Amino acid sequence: MVAWAVLALALFGFYLSWRATRLHRLHHRVDVARAGLEGALARRRSAVLALAGAGCVPRAGARALEEAVAAAGEAGERRLDLAESRLSRVLRDVVEEAGSGGAASAPPVRAEVEAAAKGVHIARTFYNDAVSDTRRARRSRIVRVFRLAGTAPLPDYFEIDDRPPRTAPPAARPDTL
């Protein structure tokens, strides 16, 4: 009888250890996804600066882009989402206002901005998925009762307006036979 109790206690200990290890991996996944998100945001900021300096947007639009990039770069952890959302809105406004006239003058710059904007969306999706999985695992009663999460803070979602600017479709080439 005592042997069964010791065996059950040992199995329960292994289960708790497995859950704690899983939580640790989930928190690590959140940290890695956050680093990827910050890298994607930095790439987008540098691509937007290149667009502003390429001369394919109006001067006032370039100035607005530079100010939005500076604000996003200087924003702290608490205001980063607001600053990045503002950068997205300014980018959309400037690019859509410039229309397709600037597209012919700097297609590599526009392509880089589009790729960077898509990268931000993908990185934010990965990060929020990791946060969702971690929060779901931490809601478990056994995790809360035995405090398996330790002192790790509960991760927060990163919600921004990351909709990329609409660009004009490439000009159709006439068929030549």
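Me: Leaving aside its neighbours within four places in sequence, which residues is Ser88 in contact with?
Reply: Happy to start there. This is a predicted model, in which local features need pLDDT of at least 70, side-chain atom pairs count only at pLDDT 80 or more, and totals for chains, interfaces and linings use all residues. Residues are numbered from 1 along each chain as its sequence is written, and side-chain values use heavy atoms, with hydrogens and water left out. With contact meaning heavy atoms within 4.5 Å, the partners of Ser88 beyond that sequence window are Arg44, Asp161 and Asp162.

Me: Where does Ser88 lie, and is Ser88 buried or exposed?
Reply: Ser88 lies in helix H3, which covers residues 80–98 (a helix here is a DSSP run of H or I with at least four residues, a strand a run of E with at least two, both numbered from the N terminus). The labels go by relative accessible area, with a 1.4 Å probe and protein chains only: under 20% is buried, over 50% is exposed, and in between is partly exposed. Ser88 has 1% relative accessibility, so this helix H3 residue counts as buried.

Me: Which side chain makes a polar contact with the side chain of Ser88?
Reply: A polar contact is a pair of N or O atoms within 3.5 Å; within protein, one must be able to donate a hydrogen and the other to accept it, and residues adjacent in sequence count only if both atoms are side-chain atoms. For Ser88, such a pair is found at 2.7 Å, and the partner side chain belongs to Arg44.

Me: What polar contact distance joins the side chains of Glu84 and Arg44?
Reply: Glu84 is also placed in helix H3, and its relative accessible area of 0% makes it buried. Beyond four places in sequence, Glu84 has contacts that include Leu41, Arg45, Ala72 and Ile160, along with Arg44. The polar contact between the side chains of Glu84 and Arg44 has a distance of 2.6 Å.

Me: How many Å separate the C-alpha atoms of Glu159 and Glu84?
Reply: Glu159 is found in the segment after helix H5, a helix that spans 141–145. Along the chain, Glu159 and Glu84 are 75 residues apart. In space, their C-alpha atoms are separated by 9.8 Å.

Me: Which side chains make polar contacts with the side chain of Glu159?
Reply: Not counting residues up to four places away in sequence, Glu159 touches Asp81, Arg124 and Asn128. One polar contact, at 3.0 Å, is with the side chain of Arg124. Another, at 3.3 Å, joins Glu159 to the side chain of Asn128.

Me: What is the phi of Arg147?
Reply: Arg147 is found in the segment after H5, and it counts as exposed because its relative accessibility is 70%. Most residues other than glycine have a negative phi. Arg147 is not a glycine, yet its phi is positive, at about 50°.

Me: At what angle do the axes of helices H1 and H4 cross?
Reply: Axes are lines fitted to C-alpha atoms, for helices over the stretch in contact, and angles between N-to-C directions run from 0 to 180 degrees. Those of H1 (residues 2–53) and H4 (residues 107–138) come within 8 Å of each other, and they cross at roughly 160°.

Me: How many helices and strands are there in the protein?
Reply: Along the sequence, the pattern reads α-α-α-α-α. Of its 177 residues, 35% count as buried. The totals are five helices and zero strands.
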